Amino acid sequence: QVQLVESGGGLVQAGGSLRLSCAASGSIFNLNAMGWYRQAPGKQRELVAGITSGGSTNYAESVKGRFTISRDNAKITVYLQMNSLKPEDTAVYYCNIRGATMWGPYDYWGQGTQVTVSS
């Protein structure tokens with residue numbers, strides 16, 4: 001069974017920083033992409049940042065230049081460094097991992113961590 005444990009969320013003032021972590025454990029094989037999504041009240045879940053096993057990254061336009069995603073393959077952990085936070089960054093942030101085995105693709109989600117940015 002695969003488990004994703006997120007940490008690092010909280011309350012911060014606008015302009016501040018937070019670092020999210022997501023550690024995966026369990027039977028994980030052929031892991032490819034790891035990423036962070038967020039969902040604000042009344043809005044759809046959206047991709048914030050993703051990183052492949054090769055280290056290629058992609059970001060939502062709204063966070064480019066402010067957020068940095070990284071991963072530690074040995075620890076099966078993905079990080080999201082968030083700088084210059086804005087009130088519109090307030091949301092529940094979810095970790096996601098994806099890969100494929102001989103039995104087919106897999107896609108796992110964390111439980112979510114709240115990030116609140118006050119103005």
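Is Trp-109 buried, partly exposed or exposed? The legends below answer this for a predicted model.

**Figure 1. Overview of the all-strand protein.** The predicted model holds 11 strands and 0 helices. From the N terminus on, the order of elements is β-β-β-β-β-β-β-β-β-β-β. The radius of gyration is 14 Å, which agrees with the value near 14 Å for a compact globule of 119 residues. Along the principal axes, the C-alpha atoms fill a box of roughly 50 × 25 × 25 Å. Of the contacts with a separation of 6 or more, 55% join residues 24 or more positions apart.

**Figure 2. Surface and charge of the protein.** Of the 119 residues, 40% count as buried. The protein exposes about 6,500 Å². Carbon and sulfur atoms supply 49% of that area. Side chains with charge number 10 positive and 7 negative. The centres of these two sets lie 2 Å apart.

**Figure 3. The edge-to-face pair of Tyr-37 and Trp-109.** The whole structure contains 2 aromatic pairs. In the pair of Tyr-37 and Trp-109, the ring centres are 4.9 Å apart. The planes meet at 65 degrees, and because an angle over 60 counts as edge-to-face, the pair is given that name. Tyr-37 belongs to strand β4 (residues 31–39), and Trp-109 belongs to strand β10 (residues 104–109). The pair therefore ties together parts that are 72 residues apart in sequence. Tyr-37 has 16% relative accessibility, so this residue counts as buried. Trp-109 has 33% relative accessibility and counts as partly exposed. That settles the opening question: Trp-109 is partly exposed.

**Figure 4. The tilted pair of Tyr-106 and Tyr-108.** Here the ring centres of Tyr-106 and Tyr-108 are 5.6 Å apart. The angle between the planes is 35 degrees, and the pair is tilted. Tyr-106 is buried, with a relative accessible area of 12%. Tyr-108 reaches 32% relative accessibility and so counts as partly exposed. The cut-off for buried is under 20%, which explains why Tyr-106 at 12% is given that label.

**Figure 5. Arg-66, a buried residue in a loop.** Arg-66 is found in the loop between β6 (57–59) and β7 (67–72). What is its relative accessibility? The value for Arg-66 is 11%, so the residue counts as buried. Which residues does Arg-66 touch, leaving aside neighbours within four places in sequence? They are Gln-81, Met-82, Asn-83, Ser-84, Leu-85, Lys-86 and Asp-89.

**Figure 6. Ser-84, a contact of Arg-66 with a positive phi.** Ser-84 is in contact with Arg-66. Ser-84 sits in the loop between β8 (77–82) and β9 (91–101). Its phi is positive, about 50 degrees, although Ser-84 is not a glycine. At 41% relative accessibility, Ser-84 counts as partly exposed.

**Figure 7. Asn-30, an exposed loop residue with a positive phi.** Where is Asn-30 found? Asn-30 lies in the loop between β3 (18–25) and β4. The phi of Asn-30 is positive at about 50 degrees, although the residue is not a glycine. Asn-30 has 55% relative accessibility and counts as exposed, because the cut-off for exposed is over 50%.

How values were computed. Residues are numbered from 1 along each chain as its sequence is written. This is a predicted model: local features need pLDDT of at least 70, side-chain atom pairs count only at pLDDT 80 or more; totals for chains, interfaces and linings use all residues. Side-chain values use heavy atoms; hydrogens and water are left out. Helices (H or I, at least four residues) and strands (E, at least two) are DSSP runs, numbered from the N terminus. The radius of gyration is taken over C-alpha atoms; the globule rule is 2.2 Å times the number of residues to the power 0.38. Buried means under 20% relative accessible area, exposed over 50%, partly exposed in between (1.4 Å probe, protein chains only). Contact means heavy atoms within 4.5 Å. Accessible areas come from the Shrake-Rupley method with a 1.4 Å probe; for residues, only the protein chains shown count as cover. Lys and Arg count as positive and Asp and Glu as negative; His and the chain ends are not counted. The place of a charge is taken as NZ of Lys, CZ of Arg, CG of Asp or CD of Glu. Rings of Phe, Tyr and Trp (its six-membered ring) pair if their centres lie within 6.5 Å; planes under 30 degrees apart count as stacked, over 60 as edge-to-face and the rest as tilted.
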